[in-house]
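Okay, thanks for coming, everyone. Let me put the structure up, and then we'll walk through it together.

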Amino acid sequence: MKSAIIVFPGTNRERDMAIALEKASGTAPLMVWHKDSEIPDVDLIVVPGGFSYGDYLRAGAMAAHSPVLRSLKEKASKGTPVMGVCNGFQVLTETGLLPGVLMRNAGLKFICRNVGLKVETSQSLFTGGYEDGQVLSIPVAHNDGNYFADNETLDRIEQNGQVAFRYVDEDGAMTEAGNPNGSARNIAGVFNKEKTVLGFMPHPENAIDPAVGGTDGRGLFDGLVRALS
Amino acid sequence: MSITNTAITPEIVAEHGLSEDEYASILKILGREPNMTELGVFSAMYSEHCSYKSSKKWLKTLPTEAPHVIQGPGENAGVIDIGDGEAAIFKIESHNHPSFIEPYQGAATGVGGILRDVFTMGARPIANLNALRFGSPDHPKTRHLVGGVVAGIAGYGNCMGIPTVAGEVNFHPAYNGNILVNAMTVGLAPADRIFYSAAAGAGNPVIYVGAKTGRDGIHGATMSSTEFSEDSEEKRPTVQVGDPFTEKLLLEACLELMATDTIIAIQDMGAAGLTSSAVEMAGKGGLGIEMDLAKVPAREENMKPYELMLSESQERMLIILKPDAASEAEARAIFDKWELDFAVIGTLTTTGHLVLKMGDELVGDIPIAPMVDESPEYDRPWEPTAASAVVDASTVPAPASLTGALKSLIGTPDLCSRRWVWEQYDHLIMGDTAIRPGGDAAMVRVRDSKKGLALTVDCTPRYVKAAPETGGAQAVAETWRNITATGAKPLAITNNMNFGNPQKPQIMGQFVGAINGMRAACIALDYPVVSGNVSLYNETEGAAILPTPVIGGVGVIADIEKRGTVAFKAADEAIVVIGETTGWLGQSIYLREIEGREEGAPPPVDLALEKKNGDFVRGLIETGSVTACHDVSDGGIAIALAEMALGAKGLGADVTPEDGLAAHAWAFGEDQARYVVTAKNAEGILKAAADAGVPAAVIGKTTGNGELKLGTGDSISVSMLRSQFEDWLPDFMAAS
């Protein structure tokens, strides 16, 4: 699997993502600078976490208008899989590639901790490494992860099976206690309609090693490699 | 030549924090009156912050050498060899006054400043720590200050993408008018690729990179060197404004530049901005430096030389490049890529003078060597602190039940969980955090290896106040113990000396005592000082803070898989206390919180015992003989056991107080050099301890019932303790 990671000024989890992708695929991803107008042909494009352009204006808003995004949108429209994590999720909602928006956390504070994450469907090229309904422990680290869309949109994406992950509590239940940031219907990640674009807030790239943070994130990368190699 | 254009009155001299003697020395050095710009330069260089004039005499007595020390104090940060061709680079620094005036920006720029100190030496920062001290929770400003400081640290460190992995937070009324915000950064670099600040090569270009210069933070170094008064809050404009996004770009640009072969020297612009960076670089290189201030990238119009030289605008660096055009072009391209300013603002000279121009106009000319050599150094009079009486434990009333007292204590401001704080810090980015916040020391893996760095910051100011020498030694020993409790070998420290007004002999006595204790501990533990910072005049309306020599410790472990952690692992394991328990209640949290008595002599620190016990415990962890390990500190054995149970799920402990000691003194006494460990088999540990001459005693066993039992018929559920432990800080912050 050949992959590319988009790097904006202020991106800061690109190294973590690169390590996770290389570990799973055996191939180091290409790092694509935001000013590059053309993303090379790859099997997967990743928009990683961080504070692109300082998150000034609004998280992800400026990155969504950077030169490299034109190429990303073009490739996405032709079916190249795209995955946005944390700030990358924010960028993908800002570009309109994914439905909904990410608002300031309900608690108004940055939050970094492991959360319970339920895999809503294993039927995608991103989540094939997991079981339906599997509950993972994966860290979040964000200030603006409060997923919001109007009820009509939420109903529609649920019906279409576009919800990828939901926050759950210790018992695997979809409760308020298990929802770290106030996200609508505990939604932690969504697909586009075709399930070729995925965005989510948690950081599986920080959960790939038993010595530091567990291995629950591996399924995502291993599943991607199986689907795209 | 005459560049004197403003009459310097005694009032102007005093406003610059310079004494009459210091001003007389300036007249002698220049052979004439200074102009305002020059006076400003001298004022910054002679401030306590830059000159260490009250502390230098004593700091020099600290041990700074060891085979593994690559660079001791005197550079931007200390450097130690951690093996395999790698170096750890670290330092701690205070940002106390700005954080009190404007908590978010004050704390944020404190983090930004210490990060620059570390990456200016060629290191990629891999961890941040902080030591925070606030006033009483009852004080009307405390909640606002806690919220602002924590958010500021989070805002800066999170955006930079550096994990904030450990720290300490304490509350005491002595900090009501003067909080402490001490930030530490640890970075990694190849041991043969360290960058230093000494300039070399007359004629070489002086390059300014990073953010533009504005009018913020002018005279920050001077402000931090005076006492606070009621009108200090009017000094808000002197607090710098941080931009972590720009600093992130600066970090990446500098590391990219450092991978080329173009740099001769590099220095960040921290306190006293362009003044101290230019003087330090040229001074260390024995050279002169000429700068055209009109070429300094300015954020505001019509900035005067005085302002340009003294601005503490953040996210800026000064670099001496190799003189060839190719080097400059290569460097410029990197900063262009990162969209940062890059300006050639001057050259190194052979004159030995700091020559400042504004276009063609000469606006300042100071001989550097005399200015540095004549830098004031005081032998301030000091009075030793009178010894406090030892508290006889038998005179301290016993509580109704040990677990009742434990339940109260674990929900007090100084012992409760800091989760509310560290969950706001991204402590997992970089994917190498092997021990998360909340343990004895944090542990961060060295990327692409099995090796880990154990990191901690500690100080027990109430001990230092009662007995400065004991307290200074204890602060060093506690970091050593916390690192040891993870199985790592402690290597070196950085210190942040936070004290009151050194012109008061009793305050100076605290400083001298603490240094003496620290020195003894560093020598006994083979644990040198490689960097540090001094913050004096931490007083408001004449009331000083508790003497607070914060120690940041760094240790290394060969294999993180072998690390020791706090949480109980399984039921029916033996619980062993290593070290001697005498039931020392003087200056204990128990005495203060339960009896309302903050008094007595602190527990003695026996450094030989500290070393012996610690080396023994580290050996147990190395050989896999223990399943959990926790040092015993504030709150004694009972708090240590509670924390070990809280770290696990559904486990508890059943222990019995030692015969011959009052049970509450046994449970809550704060004797030093102790650890609690758990083991599947205690026999081997007891035998090895006896062979090594280390006191060790089985006090009970872990249980699977989620209860903590302290003696016959006295137990409490761990879930009850957990809510006490977890709720205090969020409840306090949520209240209005």
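How much area do chain B and chain A bury between them? About 2500 Å², and 55% of that is on carbon and sulfur atoms. Keep in mind as we go that this is a predicted model.

So, who takes part in that contact? Chain B brings 34 residues and chain A brings 29. If you want to know where to look on chain B, go for Phe245(B), Glu423(B) and Arg447(B): they supply 21% of the area that chain B buries against chain A, more than any other three residues.

Now the polar side of things. Between the two chains there are ten residue pairs in polar contact, counting pairs with both residues at pLDDT 80 or more. As for secondary structure, α8 (142-160), α10, α13 (325-337) and β14 (433-435) of chain B are the elements giving two or more residues to the side that touches chain A. Which element has the largest share there? That's α10(B), with four residues. By class, this side of chain B splits into 13 nonpolar, six polar and 15 charged residues.

With charges in mind, on to salt bridges. Across the interface of chain B and chain A we get five of them. One to zoom in on is Lys35(A) with Glu339(B), where the side chains meet at 3.1 Å, N to O.

Over all chains, the structure holds 54 salt bridges. Here's one inside chain B: the side chains of Lys53(B) and Glu22(B), again N to O, at 3.1 Å. What does that pair tie together? Lys53(B) sits in the loop between α4 (48-51) and α5 (56-59) of chain B, while Glu22(B) is in helix α2 (residues 20-30), so the bridge links parts that are 31 residues apart in sequence.

Last topic, cavities. There are five of 30 Å³ or more in the structure. The largest has a volume of about 130 Å³. It is lined by 18 residues, and the closest to its centre are Gly50(A), Phe51(A), Cys86(A), Ala141(A) and His142(A). On chain A, α3 (87-95) and β7 (135-142) each supply at least two residues of that lining. And what is the lining made of, by class? Five nonpolar, nine polar and four charged residues.

The second largest cavity holds about 90 Å³ of space. Its lining takes residues from both chains, including Asn12(A), Glu14(A), Arg15(A) and Asp16(A), along with Arg124(B), Lys248(B) and Met430(B). Here α1 (14-25) of chain A and α10 (244-258) of chain B are the elements that give two or more residues to the lining. That's α10(B) again, the one with the largest share of the side of chain B that touches chain A. By class, this second lining has four nonpolar, two polar and six charged residues.

Okay, that's my tour.

How values were computed:
Residues are numbered from 1 along each chain as its sequence is written. Chains are lettered from A and ligands numbered from 1 in the order in which they are written. This is a predicted model: local features need pLDDT of at least 70, side-chain atom pairs count only at pLDDT 80 or more; totals for chains, interfaces and linings use all residues. Side-chain values use heavy atoms; hydrogens and water are left out. On a 1 Å grid over the protein atoms alone, a cavity is a set of points where a 1.4 Å probe fits but cannot get out, and a pocket is an open set with protein on both sides within 12 Å along at least five of seven lines; lining residues have an atom within 4 Å of a point. Grid points are joined across faces, edges and corners, and a volume is the space filled by probe spheres set on the points. Ala, Val, Leu, Ile, Met, Phe, Trp, Tyr, Cys and Pro count as nonpolar, Asp, Glu, Lys and Arg as charged, and the others, Gly among them, as polar. Contact means heavy atoms within 4.5 Å. Buried area is the accessible area (1.4 Å probe) that two parts lose on being put together, summed over both. A salt bridge is a side-chain nitrogen of Lys or Arg within 4 Å of a carboxyl oxygen of Asp or Glu. A polar contact is a pair of N or O atoms within 3.5 Å; within protein, one must be able to donate a hydrogen and the other to accept it, and residues adjacent in sequence count only if both atoms are side-chain atoms.
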